[in-house]
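Me: I am new to this structure and would like a close look at one single part of it. Please take one loop residue and work outward to the strands around it, explaining each term as you go.

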Amino acid sequence: MATCPECDADIEVDEFDVDKGDQLTCPECGSNLEVTGLSPVELDLAPEDDEEDDDLDDDLDDEDGGEDDEDEDEDEEDEDVDE
């Protein structure tokens, strides 16, 4: 048995089924937790995954870049009309 550091709920965790560094979710509050100790099992809030946030930012930057390409296409069409 382990305790959620966020809501103090008792979470049944078999120390033989988890390893240090494993992540799980509190069934009561939904917090992402990380196993920080074994025998007894200790849980702490899992670190936020900054890589996902960076990937989302990159995707947004790519979308902005796509708009520039459309502007260039419009400029080329305007040049064709002038000829």
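Reply: Leu-38 lies in the loop that joins strand E4 (32–37) to strand E5 (42–45), where strands (E, at least two residues) and helices (H or I, at least four residues) are DSSP runs numbered from the N terminus. This is a predicted model, in which local features need pLDDT of at least 70 and side-chain atom pairs count only at pLDDT 80 or more, while totals for chains, interfaces and linings use all residues. Residues are numbered from 1 along each chain as its sequence is written, and side-chain values use heavy atoms, with hydrogens and water left out.

Leu-38 counts as partly exposed because its relative accessibility is 40%; buried would mean under 20% relative accessible area and exposed over 50%, with partly exposed in between (1.4 Å probe, protein chains only). Once its neighbours within four places in sequence are set aside, Leu-38 is in contact with Glu-15, Val-18, Asp-19 and Lys-20, contact being heavy atoms within 4.5 Å. Between Leu-38 and Asp-14 the separation is 24 residues in sequence and 9.7 Å in space, taken from C-alpha to C-alpha.

The two strands on either side of this loop, E4 and E5, pair in the antiparallel sense over 4 bridges, and two strands pair if DSSP finds at least two bridges between them. They form a hairpin with 4 residues between them, and Ser-39 in the turn has a positive phi of about 55°. Across this pairing, Gly-37 stands opposite Glu-42 in E5, and Glu-34 has Asp-44 in E5 as its bridge partner.

Glu-34 in E4 also stands opposite Gln-23, which leads to strand E3 (residues 23–25), paired with E4 in the antiparallel sense over 3 bridges. E3 and E4 form a hairpin too, with 6 residues between them, and in that turn Gly-30 has a positive phi of about 85°.

Taken together, the strands make an open sheet of 3 strands in the order E3-E4-E5, with antiparallel pairing. E3 and E5 stand at the edges with a single partner strand each, so one side of each is left without a neighbour in the sheet. From one strand to the next the twist averages 45°, with axes taken as lines fitted to C-alpha atoms (for helices over the stretch in contact) and angles running from 0 to 180 degrees between N-to-C directions.
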